[in-house]
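User: I'm new to this one and would like a walk through it. Can we take it one question at a time?

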Amino acid sequence: MDKLVQNAIQMATALKKQPSSIPWKHDEPWPQPCYAWSNDKKEWQPATSSDSGSQTSISTLAVYSWNIDFMLPFPDERMDAALAHLHEQLTSELRTDSTTAVIINLQECVPSDLVAISQKQWVRDGFYMTDLDSSAWESGLYGTATLVDRRLDIASCFRLHYSKTQMERDALFVDVTASGRKLRLCNTHLESLALEPPLRPAQMQVIASQMHAGDAVGAVATGDFNAIQPFDLSLHSDNGLKDAYLELGGLENSDEGYTWGQQALPDLRQRFGCSRMDKAYYCGAGIKLLGFNRFGADVEVVENKKEQRDKLVALGFEKAWVTDHIGIKAVFQLTSDIRL
């Protein structure tokens, strides 16, 4: 695993974008397009208002968030299995409840992941994509991407590239309207490791400032928050936000909440234990939290990819898992008394 980390650091350094090539200003919103698949032209194009479908029946919002480890080999095989699992989850949900719109927030995508995602027919049919390539990422190696249910209208899409970061991290925002209500959705990957001075508090302040701003009736931020230090326990309350897991009675330092460690290498699990790295924060009178749960545990590269599975296990993993993170899902009801 040390070799994988060293290789990742070398690649990140080699692919780091030069300041002169970056068009955005740090900690300031930088608009970017969302894309919709055109069946007529057989290509992804910047989304317009005519691309959205009927949204009159949308009364709830399900936000999925999953970090797919960028350092492990076989990104295509791992992302393919992860997408298959997500599709299975969504098919089950939408079959039983057509009033729920879906958001999928992914972290640690590599450029080839974006290609794989964009080629899935279920994505083309049902979702907008925020990113088709890495041009909006400050890192040339990996970044975040969001899929937005096409029954929603997109009001805006923008990134805030953090000034306080050593790892080119950012916050990706999408404003959507559903049944006359505007919602602000954030996908982020906060700084990794126990750095001194810490950077995650400043990053969360940037996120919170946008969640509390504007005319949205509610805002939700999910992602890999890398919560591994004592100050991480209060980042939500420090910024006037609610933690979905805690709001529904979840306990800190419990097996029920952990999203990292169970599928890490055994020596890393022994050194660092398990942790609740992945979280959902929210605010606003126009949304009500209905549910929170984890998904994606024990998802492996498919059986017919024996060579790839064997090599992943040879690295020291118990199984050929697609990632070291377990995903999270938060479900919100759109309240009926607040409209734009």
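User: Is N253 buried or exposed?

Analyst: First, a heads-up: this is a predicted model, where local features need pLDDT of at least 70, side-chain atom pairs count only at pLDDT 80 or more, and totals for chains, interfaces and linings use all residues. Residues are numbered from 1 along each chain as its sequence is written, and side-chain values use heavy atoms, with hydrogens and water left out. Buried means under 20% relative accessible area, exposed over 50%, and partly exposed in between, with a 1.4 Å probe and protein chains only. N253 has a relative accessible area of 66%, so the word for N253 is exposed.

User: Where does N253 sit, and what is its phi near?

Analyst: N253 is in the loop between α7 (244-247) and α8 (266-272); helices here are DSSP runs of H or I with at least four residues, strands are runs of E with at least two, and both are numbered from the N terminus. Most residues other than glycine have a negative phi. N253 is not a glycine, yet its phi is positive, near 55°.

User: N226 has a positive phi too. Is N226 buried or exposed?

Analyst: N226 has a phi of about 50° and isn't a glycine either. You'll find N226 in the loop between β11 and α6. Its relative accessibility is 5%, so N226 counts as buried.

User: Which residue follows E196 across a cis peptide bond?

Analyst: Most peptide bonds are trans. The one leaving E196 is cis, with omega near -5°. The residue after it is found in the loop between β10 and α5, and that residue is P197.

User: What span does helix α5 reach from its first C-alpha to its last?

Analyst: Helix α5 covers residues 200-211, 12 residues in all. The expected span is 1.5 Å times one less than the number of residues. For α5 that expectation is 16 Å, and the helix comes close to it, reaching 16 Å.

User: Which elements are included in the cover over the buried residues of α5?

Analyst: Among the buried residues of α5 are Q203, M204, V206, I207 and Q210. An α-helix has 3.6 residues a turn, so residues three or four places apart point the same way. Going by contact, meaning heavy atoms within 4.5 Å, the cover includes β8 (153-161), β9 (170-178), β10 (181-189), β11 (218-224), α6 (235-238) and β13 (278-283).

User: How many aromatic pairs are there, and how are W66 and F295 arranged?

Analyst: Rings of Phe, Tyr and Trp (its six-membered ring) pair if their centres lie within 6.5 Å; planes under 30 degrees apart count as stacked, over 60 as edge-to-face and the rest as tilted. That rule gives 10 aromatic pairs. W66 and F295 are 5.2 Å apart centre to centre, with 65° between the planes, so by the cut-offs the pair is edge-to-face.

User: Which strands does that pair link?

Analyst: W66 and F295 are 229 residues apart along the chain. Both are buried, W66 at 1% relative accessible area and F295 at 6%. Y64 joins them in one aromatic cluster. The strands linked by the pair are β4 (residues 60-67) and β14 (residues 287-295).

User: Which residue lies over the face of W37?

Analyst: A charge sits over a ring if NZ of Lys or CZ of Arg is within 6 Å of the ring centre and within 35 degrees of the ring normal. At 3.7 Å from the ring centre of W37, the residue is R124.
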